[in-house]
Amino acid sequence: MSDRFRTPEADAWIGRKIPCLDRGFVYLVDYMGGDASIVQAARVSYGLGTKNVSEDRGLIRYLMRHQHSTPFEMVELKFHVTLPIFVARQFIRPRTANVNEYSGRYSIMPDEFYVPPAEHVTFQSKTNRQGGAECLDPAECAEVLRILTQEQRRVRAGYDRMIELDVRRELARINLGVSQYTEWYWKNDLHNIFHFLQLRLDPHAQHEIRVYAEAMAQIVRAVAPIAWEAFEDYQLGAERFSRLELEALARLLGEAEWPDAAHVESAFPEVWREVNAKGELKRNRERDEFLAKLARLAERRRQ
Ligand SMILES: Cc1cc2nc3c(=O)[nH]c(=O)nc-3n(C[C@H](O)[C@H](O)[C@H](O)COP(=O)(O)OP(=O)(O)OC[C@H]3O[C@@H](n4cnc5c(N)ncnc54)[C@H](O)[C@@H]3O)c2cc1C
């Protein structure tokens with residue numbers, strides 16, 4: 001029996017370019033595994049047999065909730081990405097990725113530079129150093145776009161002239177700016193891709209890298225849909241509370257009526273109130289864990 005897991009949904013993304021920014025793209029070159037290989041790996045460590053999709057889903061969600069991350073490392077995705085160098089500087093920070101980049105030492109750099117659309121030419125925010133605020137007025141915006149494109153043309157003309165003079169390519173390229181497009185193969189495992197996406201899908205991440213993260217997210221979702229759902233539920237859409245915040249929460253809820261198991265189940269009947277064929281309430285680890293958290297919060301309230 002072959003242990004090679006592939007799905008038509010994931011295969012459909014191979015070689016299918018998703019355009020990003022004005023000249024970039026990302027596509028899936030290849031992938032290894034998916035939800036089935038996460039379950040397979042977990043089964044080795046826990047000795048759990050897998051019986052059906054709903055049990056696989058429960059297992060994957062359990063692994064994600066408890067940060068049992070190594071089964072997610074069994075899935076790998078390899079992307080081909082073309083991107084401006086300033087985006088590549090951020091993209092390269094996840095240290096677990098395997099990267100092979102286009103070489104300006106050996107090859108002529110493509111005549112491709114990023115120019116933002118007018119709606120992204122915004123003022124520096126006064127409150128958030130990473131962000132922009134509202135747009136410049138149309139005349140100022142046109143001036144900014146003119147500065148960007150003129151500088152790019154000037155630097156490129158210098159590069160082309162040095163290439164004509166047969167200057168070493170590794171030297172001729174040194175004035176090219178960070179709006180210059182580059183390209184690379186970028187491969188990583190699912191656990192670390194989730195970490196990358198958590199950081200770069202965040203609304204505070206720079207718009208230009210978020211565009212790539214959103215494109216990659218579509219592909220990741222197709223490769224491992226159950227793991228993606230768990231990632232959305234327990235990481236992307238989750239909030240972490242500090243000790244002080246939990247104490248504040250416990251005090252704020254001090255006077256409130258405390259929810260019991262029945263309240264909790266009625267809040268999420270489709271997830272937490274599963275019944276078996278005999279109509280009996282099925283054991284649900286996620287519900288039990290939530291009730292345990294509520295009990296711990298109630299304990300803080302009493303302190
Ligand atoms: C919004 C935002 C703003 C940022 N601003 C800046 C900035 O101004 N300047 C800047 O330099 N960076 C900046 N960064 C980059 C950031 O500091 C991290 O380097 C980057 O996000 C990678 O995160 P990581 O180290 O968790 O990931 P990875 O490198 O993928 O590491 C994954 C995990 O493995 C661990 N790990 C990996 N390698 C090692 C190692 N050798 N030793 C110990 N632990 C290791 C990490 O601790 C981490 O938990 C920014 C990132 C974001 C998202």
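**Close-up views of a predicted model**

**View 1. Arg296 sits in helix α13.** Helix here means a DSSP run of H or I with at least four residues, a strand is an E run of at least two, and both are numbered from the N terminus. Arg296 counts as exposed because its relative accessibility is 52%; the cut-offs are under 20% for buried, over 50% for exposed and in between for partly exposed (1.4 Å probe, protein chains only). Measuring from C-alpha to C-alpha, Arg296 lies 10.0 Å from Leu246 in space, with their positions 50 residues apart in sequence. A note before you go on: this is a predicted model, so local features need pLDDT of at least 70 and side-chain atom pairs count only at pLDDT 80 or more, while totals for chains, interfaces and linings use all residues. Residues are numbered from 1 along each chain as its sequence is written, and side-chain values use heavy atoms, with hydrogens and water left out.

**View 2. Glu286 and Arg61 meet through their side chains.** Like the arginine of the previous view, Glu286 belongs to helix α13. With a relative accessibility of 15%, Glu286 counts as buried. Its side chain makes a polar contact of 3.4 Å with that of Arg61. Such a contact is a pair of N or O atoms within 3.5 Å; within protein, one must be able to donate a hydrogen and the other to accept it, and sequence neighbours count only if both atoms are side-chain atoms.

**View 3. The largest pocket has a volume of about 1500 Å³.** Of its 34 lining residues, Tyr234, Ala238, Glu239, Arg240 and Lys293 are the closest to the centre. A pocket is an open set of points on a 1 Å grid over the protein atoms alone, where a 1.4 Å probe fits and protein lies on both sides within 12 Å along at least five of seven lines; lining residues have an atom within 4 Å of a point. Points are joined across faces, edges and corners, and the volume is the space filled by probe spheres set on them. Which helix gives the most to this lining? That is α13, with eight residues. Helices that each supply at least two lining residues include α3 (53-65), α7 (190-200), α9 (225-236) and α10 (243-252). By residue class, the lining divides into 16 nonpolar, eight polar and 10 charged. Here Ala, Val, Leu, Ile, Met, Phe, Trp, Tyr, Cys and Pro are nonpolar, Asp, Glu, Lys and Arg charged, and the others, Gly among them, polar.

**View 4. Eight residues surround the ligand.** A residue belongs here if one of its heavy atoms lies within 4 Å of the ligand. The closest are Arg93, Pro94, Arg95, His195 and Leu199. Three side chains bring an N or O atom to an oxygen atom of the ligand: Arg93 at 2.8 Å, Arg95 at 2.7 Å and His195 at 2.6 Å. The ligand has 940 Å² of accessible area on its own, and the protein covers 44% of this (Shrake-Rupley method, 1.4 Å probe). In the shell around the ligand there are two nonpolar, three polar and three charged residues.

**View 5. Helix α7 holds a set of buried residues.** They are Leu190, Asn192, Ile193, Phe194, Phe196, Leu197 and Arg200. Ile193 has a relative accessible area of 0%, so it counts as buried. Between the C-alpha atoms of Ile193 and Leu77 the distance is 8.6 Å, although 116 residues separate the two in sequence. At the start of α7, look for Asp189: one of its side-chain oxygens comes within 3.1 Å of the backbone nitrogen of His191.

**View 6. Ser37 reaches back to Gly34.** Ser37 is part of helix α2 (residues 35-46). A relative accessible area of 5% makes Ser37 buried. Its side chain comes to 2.8 Å from the backbone nitrogen of Gly34.

**View 7. Leu21 and Gln67 are two residues with positive phi.** Most residues other than glycine have a negative phi. Leu21 has a phi of about 55° and sits in the loop between β1 (18-20) and β2 (24-32). Gln67 has a phi of about 50° and lies in the loop between α3 and β3 (76-84). Are these two buried or exposed? Leu21 counts as partly exposed, at 23% relative accessibility, whereas Gln67 counts as exposed, at 70%.
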